[in-house]
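I opened my notebook beside the viewer and wrote down what I looked up, one entry at a time. Here are my notes, for anyone at the bench who wants to follow along.

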Amino acid sequence: MQHDLIERYIYAVKRGLPQKIKADVEQELRSHISDMLSDRTGDVLPTDTDVRVVLTELGPPKELAEKYSPDKQKALISGTYFTTYKFVLKIVALCVVFGLLVSNIIEIIFGAVWYEEILDFFASIILSLLTSFSIVTLIFAVFERRGIKIETGLGLDDLPTVPKKNEEIKIGETITGIAFSVVFCIVFIAFPGIMGGFFDGVFIPLLNIEVARSMWYLTLAMTVIGIAKAVYGMHEGRYTPALCVFSVIADVISFALTFVFFSNGALINQEFIGFLAKIIEGDAAIVTTIFENFGMFMIVIISFALVIDITEMIVKGVRASRA
Amino acid sequence: MDKQEIVSSFISELRRGVIVLLVLSSLHTEQYGYSLITEIEKGGVSIEANTLYPLLRRLESQGLLTSTWNTDAAKPRKYYEITDFGRDVYETLRRHWHSTVEGINKILGD
């Protein structure tokens, strides 16, 4: 039956429901309220009081809606992951602050105005911390949703074996992984001019700063992958098959991103190549060639590293699944 | 979810487990929400709508019930029917209930 209070009640309940079940719950609730009123008043039209009594009996709309949400969806990042989450946040925060500090100090050394750099530091800090915290939160939210379920009620025999000392992924490894990813990110986005050379007392950067910065999304994606890999490793505590598969996939994606980044023709600063060619001649011309094709050079080196890592992951994964 | 997981989770939440038992027992015939409440109340146990409906939804997602909307009658109603799997789980729960109660009574009797 149509009644202002009933409509407002149902609307209030719907607002607290997950999208998928809104329509169905509404219909069922209407049908229930209608039955409650029929029971109360029979064929007689329910009065205002009747409606109020029935709705009060149903309880506050918010409470009703809350009971429809399964418990596991209540927290974005729950208990088991939360401690790890806080830990990673701390590391990332330290790395961001340290990285920005270092890059600004270097810029001062190279002649930038010091108070400008201090302002720059504080300006960048807030945005960088916000961005990095959001990324870490996102990574953990994904892990929570799709993640490793902590088994309850396992039999004693099902408990995972204690990893041997040399099998364990030590906390130092995780910290290094996260730190490396964050610093890498900061350098290639905030300070891509870090690599270069002095020619006649003037510092010429190797990479074209604008171009490097314009590919910030690639750098960021690689950083996210690096952090996710380190965190997953820390959570597993050892090289499980799942971790190894994840690492291989992560490596392949990283390779693709690296490839795109370094195959950008405009990346290398031609000014640098020009200066280099002037001072290097004869047999050492090979050095110039290397730097001209710096992009290809980096791709080859990184591919090497990734192939080694992938092989290591496959070996460890196979070994772990046999154990 | 296999039977083992479900039975373990019910056993550990005794109070909620009792209501589940009553609901499954009442579903020997097809029921809709309100009729379930009425039938269970006849047995002297009161159950609130804000407990029952989410519970029915949960049981359905676990495969113990199926639901269909009946739009033939004057009032459309959502009917619930127990599945074979639900019947299986119900029988196991019932046996467990009886043995638990027997054990509890022994303890309480002393």
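**Entry: a pair across the chains**

I started with B:Arg77 and A:Asp35, whose side chains meet in a salt bridge with 2.6 Å from N to O. This pair crosses between chains, with B:Arg77 in strand β3 of chain B and A:Asp35 in helix α2 of chain A. I looked up both partners for exposure, and B:Arg77 and A:Asp35 are each buried. A reminder to myself: the model is predicted.

**Entry: the interface as a whole**

Next I wanted the wider setting of that pair. I find 16 residues of chain B in contact with 16 residues of chain A. Together the two chains bury about 1,600 Å², and 49% of that is on carbon and sulfur atoms. On the chain B side, B:Tyr34, B:Asn50 and B:Arg57 lose the most area to chain A, together 40% of what that side buries.

How many salt bridges are there between chain B and chain A? I noted 5. One more that I looked up joins A:Asp24 and B:Lys78, with the closest N and O atoms 2.5 Å apart.

**Entry: B:Arg57**

I then went to B:Arg57, which sits in helix α4 of chain B, residues 49-61. Is B:Arg57 buried or exposed? B:Arg57 has a relative accessible area of 16%, so it counts as buried, the cut-off being under 20%. Leaving out residues up to four places away in sequence, B:Arg57 touches A:Ile21, A:Asp24, A:Val25, A:Glu28, A:Tyr68 and B:Lys78. Both partners of the A:Asp24 to B:Lys78 salt bridge are on that contact list.

**Entry: a cavity**

I checked for enclosed space and found 1 cavity of 30 Å³ or more. Its volume is about 40 Å³. The lining is made up of A:Glu28, A:Ser31, A:His32, B:Tyr32, B:Gly33, B:Tyr53, B:Arg77 and B:Lys78. Two elements give two or more residues to this lining, α2 (22-41) of chain A and β3 (77-82) of chain B. Helix α2 of chain A gives the most, with 3 residues. By class, I wrote down 2 nonpolar, 3 polar and 3 charged residues.

**Entry: salt bridges within chain A**

Over all chains the structure holds 16 salt bridges, and I picked two inside chain A. A:Lys229 and A:Asp251 meet at 2.8 Å, N to O. A:Lys229 is in helix α9 (residues 216-236) and A:Asp251 in helix α10 (residues 241-262), so this pair ties together parts 22 residues apart in sequence. A:Lys229 is partly exposed at 24% relative accessible area, whereas A:Asp251 is buried at 3%. Elsewhere, salt bridges with shared partners join A:Glu7, A:Lys14, A:Glu26 and A:Arg30 into one network.

From that network I took A:Glu26 and A:Arg30, with their closest N and O atoms 3.0 Å apart. About one helical turn separates these two, because they are 4 residues apart in helix α2 of chain A. A:Glu26 is buried, at 17%, and A:Arg30 is partly exposed, at 31%.

**Entry: A:Ile171 and chain A overall**

My last residue was A:Ile171, in helix α7 (residues 171-190) of chain A. A:Ile171 is partly exposed, with a relative accessible area of 47%. Not counting residues up to four places away, A:Ile171 touches A:Phe87 and A:Met234. A:Met234 is 63 residues away from A:Ile171 in sequence, but 6.9 Å away in space, C-alpha to C-alpha.

To close, I noted that chain A has 13 helices and 2 strands, and that 38% of its 323 residues count as buried.

How values were computed:
Residues are numbered from 1 along each chain as its sequence is written. Chains are lettered from A and ligands numbered from 1 in the order in which they are written. This is a predicted model: local features need pLDDT of at least 70, side-chain atom pairs count only at pLDDT 80 or more; totals for chains, interfaces and linings use all residues. Side-chain values use heavy atoms; hydrogens and water are left out. On a 1 Å grid over the protein atoms alone, a cavity is a set of points where a 1.4 Å probe fits but cannot get out, and a pocket is an open set with protein on both sides within 12 Å along at least five of seven lines; lining residues have an atom within 4 Å of a point. Grid points are joined across faces, edges and corners, and a volume is the space filled by probe spheres set on the points. Ala, Val, Leu, Ile, Met, Phe, Trp, Tyr, Cys and Pro count as nonpolar, Asp, Glu, Lys and Arg as charged, and the others, Gly among them, as polar. Buried means under 20% relative accessible area, exposed over 50%, partly exposed in between (1.4 Å probe, protein chains only). Contact means heavy atoms within 4.5 Å. Buried area is the accessible area (1.4 Å probe) that two parts lose on being put together, summed over both. A salt bridge is a side-chain nitrogen of Lys or Arg within 4 Å of a carboxyl oxygen of Asp or Glu.
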